[in-house]
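Me: I would like to go through a protein structure by means of questions and reasoned replies. Please begin once the structure has been shown.

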Amino acid sequence: MGKAKKTNWPEAIERLIVKYRTRKHVLDYHNIYQLMVMVLLAAQDRDANINKLAPEFFKAYPNLKALSKAEVDEIIPLIKSVRGHVKKAGWLQDIAQTLKDDKNIPTSMDELVTLKGIGRKSANVIMREAGVELEGIMVDLHVARVAPRLGIARATDANKIEKELMEILPKEQWTEVGSAMSFLGREVCRPTNPHHAECVMNDVCAYCLSKTKI
């Protein structure tokens, strides 16, 4: 293949956004309290595992008010299958005792990242699902793989990838692009044996173009 022309990333990414825009979030939550808890628990773990334990957890602690009264030792058995469950139980208790009520859950980046166990990735997810204007782009482990493969980012660190994406893409795409890239990473751009022929980005993807002829 000849040398690829410079990619118009906002234009190219739009097709990915269109493909995945209507997809429901992979965590099966029913309100922002549940999402916040599940996002925290899902860090370094599998979404399917969090979805499995969620019903029992929320039966015991249906809201922040209930969770704020729980001892860490009472929380641990309900999340014992989660990686880092002891630490995460402490974070959940701290958040619950700090906020005390679901209505106090913040929806701004500055406020969310002050909560124990909530980083920029989690904050972006919560803000997106809450329907507020994003102040960044969600970069999970899938996005951290997909973005460098595409060639839209060069960094490997999630925060640096987010910064690169924010510099390249217009703000009106921030809400959807992280989720879209994540779904692409889950379904098509797998860590091994990515399905190049099925990828809607295969004509601009640096990794794909280096491996195949479409």
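The questions and replies below concern this predicted model.

Me: How many of the 11 residues of helix 2 are buried?
Reply: A residue counts as buried when its relative accessible area is under 20%. In helix 2 the buried residues are Y33, Q34, L35, M36, V37, M38, V39, L40, L41 and A42. Helix 2 is therefore largely enclosed by the rest of the structure, and the number of its 11 residues that are buried is 10.

Me: Which helices are included in what covers the buried residues of helix 2?
Reply: The buried residues in question run from Y33 to A42 and include L35, V37 and L40. A cover is made by contact, that is, by heavy atoms within 4.5 Å. What covers these residues of helix 2 includes helix 3, helix 4, helix 6 and helix 8.

Me: What is the volume of the largest pocket?
Reply: The lining of this pocket consists of 39 residues, and those nearest its centre are A42, A43, Q44, K121 and D140. Two or more lining residues come from each of helix 2 (32–42), helix 6 (85–99), helix 8 (120–130), helix 9 (141–150) and helix 11 (174–187). The volume of the largest pocket is about 740 Å³.

Me: How many residues of the lining of the largest pocket are nonpolar?
Reply: The lining is sorted into three classes of residue. Of these, the polar class holds 12 residues and the charged class holds 12. The nonpolar residues of the lining number 15.

Me: Which residues lie closest to the centre of the largest cavity?
Reply: The structure holds one cavity of 30 Å³ or more. About 90 Å³ of space lies in the largest cavity. Among the 15 residues that line the largest cavity, the closest to its centre are C189, H196, C199, C205 and C208.

Me: Which helix gives the largest share of the lining of the largest cavity?
Reply: The lining divides into 11 nonpolar residues, three polar and one charged. The largest share of this lining amounts to three residues, and the element that gives them is helix 9.

Me: Is helix 1 roughly parallel or roughly perpendicular to helix 11?
Reply: Two packed helices are described by the angle between their axes and the distance between the axes. Helix 1 (residues 9–20) packs against helix 11 at an angle of about 75°, and the axes are 9 Å apart. Angles of 65 to 115 degrees count as roughly perpendicular. Helix 1 is therefore, with respect to helix 11, roughly perpendicular.

Me: How many residues of the contact of helix 1 with helix 11 are charged?
Reply: On the side of helix 1, the contact is made by I13, L16, I17 and Y20. On the side of helix 11, it is made by E176, V177, A180, M181, F183, L184 and E187. Nine residues of this contact are nonpolar and no residue is polar, while the charged residues number two.

Me: Is S179 buried or exposed?
Reply: S179 is found in helix 11. Leaving aside neighbours within four places in sequence, S179 is in contact with R128 and M138. Its relative accessible area is 10%, and the limit for a buried residue is under 20%. S179 is therefore buried.

Me: Which residues does S68 touch, not counting those up to four places away in sequence?
Reply: S68 lies in the loop between helix 4 (64–67) and helix 5 (72–75). With a relative accessible area of 18%, S68 is buried. The residues that S68 touches, beyond those up to four places away in sequence, are A96 and Q97.

Me: Is K100 buried or exposed?
Reply: K100 is found in the loop between helix 6 and helix 7 (109–112). Although K100 is not a glycine, it has a positive phi of about 70°. Its relative accessibility is 51%, and a value over 50% is required for the class. K100 therefore counts as exposed.

Me: What is the relative accessible area of N193?
Reply: N193 is placed in the loop between helix 11 and helix 12. N193 also has a positive phi, of about 50°, although it is not a glycine. N193 is exposed, and its relative accessible area is 63%.

Terms used
Residues numbered from 1 in each chain as written. Predicted model: local features only at pLDDT ≥ 70, side-chain atom pairs only at ≥ 80, totals over all residues. Heavy atoms only, no water. 1 Å grid on protein atoms, 1.4 Å probe; cavity = no way out; pocket = protein on both sides within 12 Å on 5 of 7 lines; lining within 4 Å. Points joined across faces, edges and corners; volume = space filled by probe spheres on them. Helix = DSSP H or I, 4+ residues; strand = E, 2+ residues; numbered from the N terminus. Nonpolar A, V, L, I, M, F, W, Y, C, P; charged D, E, K, R; others polar. Axes fitted to C-alpha atoms, helices over the stretch in contact; angles between N-to-C directions. Parallel < 35°, antiparallel > 145°, perpendicular 65-115°, else oblique. Buried < 20%, exposed > 50% of the residue type's maximum accessible area, 1.4 Å probe, protein only.
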